[in-house]
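Visitor: I am new to this structure and would like to understand the words used to describe it. Could you take me through them slowly?

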Amino acid sequence: NLQDQEMKIVIVGHVDHGKSTIIGRLMADTDSLPQGKLEQVRETCRRNSKPFEYAFLLDALKEEQAQGITIDVARMFFKTKQRNYIILDAPGHVEFLKNMVTGAAQAEAALLVIDAKEGIQINSLRHGNLLSMLGVKQVAILINKMDLVDYEEEIFKQIVDSYRIFLEKIGIEPIYYIPVSGRFGDNIASSSGNMCWYSGPTVLEALDQLKPKKQPIHAALRMPVQDVYKFTGHGDQRRIIAGTIESGILRVGDELIFYPSGREGRVHSIEHFPTTELTEVQAGYATGFTLEEQAYVSRGELVTKKGETSPKVVLSFRANLFWLGKNPMIPGKTYFLKLGTAKRRIKLEGIIRVMDASTLDPNYHPERIEINNAAECILKCDKPIAIDSNYEMSLNSRFVIVDEYEIAGGGIIQEAINERQLYW
Ligand code: GDP
């Protein structure tokens with residue numbers, strides 16, 4: 001099922017290093033363009049007596065998208081035998097960072113493009129920082145325009161060696177370094193006869209080898225408790241625990257653990273309006289269930305299953321967040337955090353670094369998080385909270401921060417801190 005096999009990727013790099021050309025190539029060489037598009041763009045170039053460029057394909061698609069003609073077809077997308085790829089568009093860094101950090105769009109992998117002739121630019125460094133801030137772990141570095149340097153192995157190696165040192169410093173371990181030419185298609189969809197010294201994968205092969213994100217239904221059960229309803233049925237008082245299943249499957253007979261309380265219970269019945277005969281419900285559905293023995297559970301707890309990966313119950317965690325607040329986020333002040341149905345008072349305990357979303361310039365250990373800054377920071381709650389970190393379970397790792405009744409930030413939990421803060 002290709003729908004299950006969908007991977008979102010992002011392509012970053014200094015302007016003119018060849019991102020659009022590579023995207024155009026990927027789409028054209030995998031037959032993923034709308035029918036007639038390639039010919040149409042070639043024809044337009046001929047009429048205007050300018051040489052055809054793969055980058056023009058993208059311009060043409062985006063133009064249609066802007067005019068609202070064929071929004072679906074114009075989506076930047078390509079397919080291989082393995083799966084579908086969706087290329088997340090980055091209209092501007094501010095929008096892009098905001099979308100990524102708040103989860104409106106989350107890339108599972110990234111291609112970072114460097115021009116072989118121009119070499120590493122300050123933006124190549126900034127984009128490396130961007131990927132590390134976003135927590136994108138699967139990265140392939142494409143050394144593009146190899147045709148302009150006579151497909152020389154030495155030049156490829158020099159760039160790779162110095163870029164590798166930089167990436168190590170910021171904690172990114174690229175999976176592949178690939179020498180390519182977007183213009184001529186070398187090592188994009190098929191291996192290049194011009195670089196026999198290179199024995200690694202093409203860009204497409206590299207992408208197809210990446211690990212896709214776990215589908216929510218295949219992950220551990222997570223259901224934030226929305227509400228608990230009391231009713232009288234079968235002669236006794238019962239409670240229906242209601243909420244939306246974010247991941248996993250809930251079945252009658254399942255042994256559950258509620259976090260952060262640690263209370264336990266076994267599912268007696270699933271009360272799924274209008275059918276009450278269900279024996280299981282899966283991720284994506286709002287539902288309710290009763291327990292065999294009543295347990296006191298309230299809104300804000302997280303329903304999980306015994307024997308599956310459990311969440312961590314902590315006070316503090318490291319997170320990447322994007323700040324939208326009119327006032328800067330500062331240590332010492334109390335904010336509200338919402339994660340699923342849980343709500344806590346929180347404080348900013350420390351700022352590891354921030355990144356100005358428009359310049360991508362990093363700043364280490366600043367005193368505050370300004371509007372439109374992405375930040376890696378430590379947050380501390382007033383009471384224990386059940387969290388999952390980004391890579392384990394993405395849905396229960398996204399939070400929103402409220403300041404003065406307004407949403408002022410959003411982010412992704414990266415890592416639990418202080419696991420010994422369990423309190424039951
Ligand atoms: P972007 O700004 O990163 O999207 O870069 P473009 O894809 O628009 O490419 C910038 C320029 O570099 C265009 O004129 C492309 O034709 C050219 N270019 C891109 N890839 C290659 C390549 O592999 N070889 C050569 N010679 N030129 C390229």
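Guide: Let us begin near the end of the chain, where β20 and strand β21 (residues 406-417) are paired in the antiparallel sense over six bridges. Please keep in mind that this is a predicted model.

Visitor: What makes β20 and β21 count as paired strands?

Guide: Pairing asks for at least two bridges between two strands, and β20 and β21 have six, so they count as paired. Within this pair, V400 stands opposite G410 in β21. The hairpin that the two strands make has two residues between them, and E404 takes a positive phi near 50° there.

Visitor: Which other strand is joined to β20, and in which sense?

Guide: Strand β16 (residues 334-339) is joined to β20 (residues 398-403) by three bridges, and the two run antiparallel; here L337 has I401 of β20 opposite to it.

Visitor: Why is strand β10 called mostly covered?

Guide: A residue is called buried if 20 or more other C-beta atoms lie within 10 Å of its own, and four of the five residues of β10 (residues 255-259) are buried, which means that the strand is mostly covered.

Visitor: Which strands are joined to β10?

Guide: Three bridges join β10 to strand β11 (residues 264-270) in the antiparallel sense, with L256 opposite G265, while four bridges join β10 to strand β14 (residues 302-305), again antiparallel, with Y259 opposite L302. The hairpin of β10 and β11 has four residues between its strands, and G262 takes a positive phi near 85° in it.

Visitor: What makes β2 and β6 the edge strands of their sheet?

Guide: The sheet is an open one of six strands, in the order β2-β3-β1-β4-β5-β6, with mixed pairing. Strands β2 (77-79) and β6 (176-179) each pair on one side only, and they are the edge strands. Neighbouring strands of this sheet are turned against each other by 25° on average, direction ignored. Inside the sheet, strand β1 (residues 6-13) runs parallel to strand β3 (residues 84-87) and is joined to it by four bridges, I9 having I87 as its bridge partner in β3.

Visitor: How do you know that helix α1 packs on this sheet?

Guide: Contact asks for C-beta atoms within 7 Å, and α1 touches β1, β2, β3, β4 (109-115) and β5 (138-144), with a direction that makes about 150° with that of β1. Helix α1 (residues 19-29) also gives the most to the shell around the ligand, with three residues.

Visitor: Which residues come nearest to the ligand, and of what classes is its shell made?

Guide: Of the 17 residues around the ligand, G18, K19, S20, T21 and R183 come nearest, and the shell has three nonpolar, eight polar and six charged residues.

Visitor: What makes the largest nonpolar core a single core?

Guide: Its members are buried nonpolar residues joined through C-beta atoms within 7 Å, and 104 residues belong to this set, those with the most contacts inside it being I9, A110, L112, L142 and I143. Strand β19 (residues 373-387) supplies the largest share of this core, eight residues. Setting aside residues up to four places away in sequence, L112 touches several others, among them V12, H127, L131 and I141.

Visitor: How many of the residues in the whole protein are buried?

Guide: Of the 424 residues in the protein, 41% are buried, and the protein has eight helices and 21 strands.

Definitions and conventions:
Residues numbered from 1 in each chain as written. Predicted model: local features only at pLDDT ≥ 70, side-chain atom pairs only at ≥ 80, totals over all residues. Near = placed C-beta within 6 Å. Nonpolar A, V, L, I, M, F, W, Y, C, P; charged D, E, K, R; others polar. Buried ≥ 20, exposed ≤ 12 C-beta atoms within 10 Å, placed from the backbone. Contact = placed C-beta atoms within 7 Å. Axes fitted to C-alpha atoms, helices over the stretch in contact; angles between N-to-C directions.
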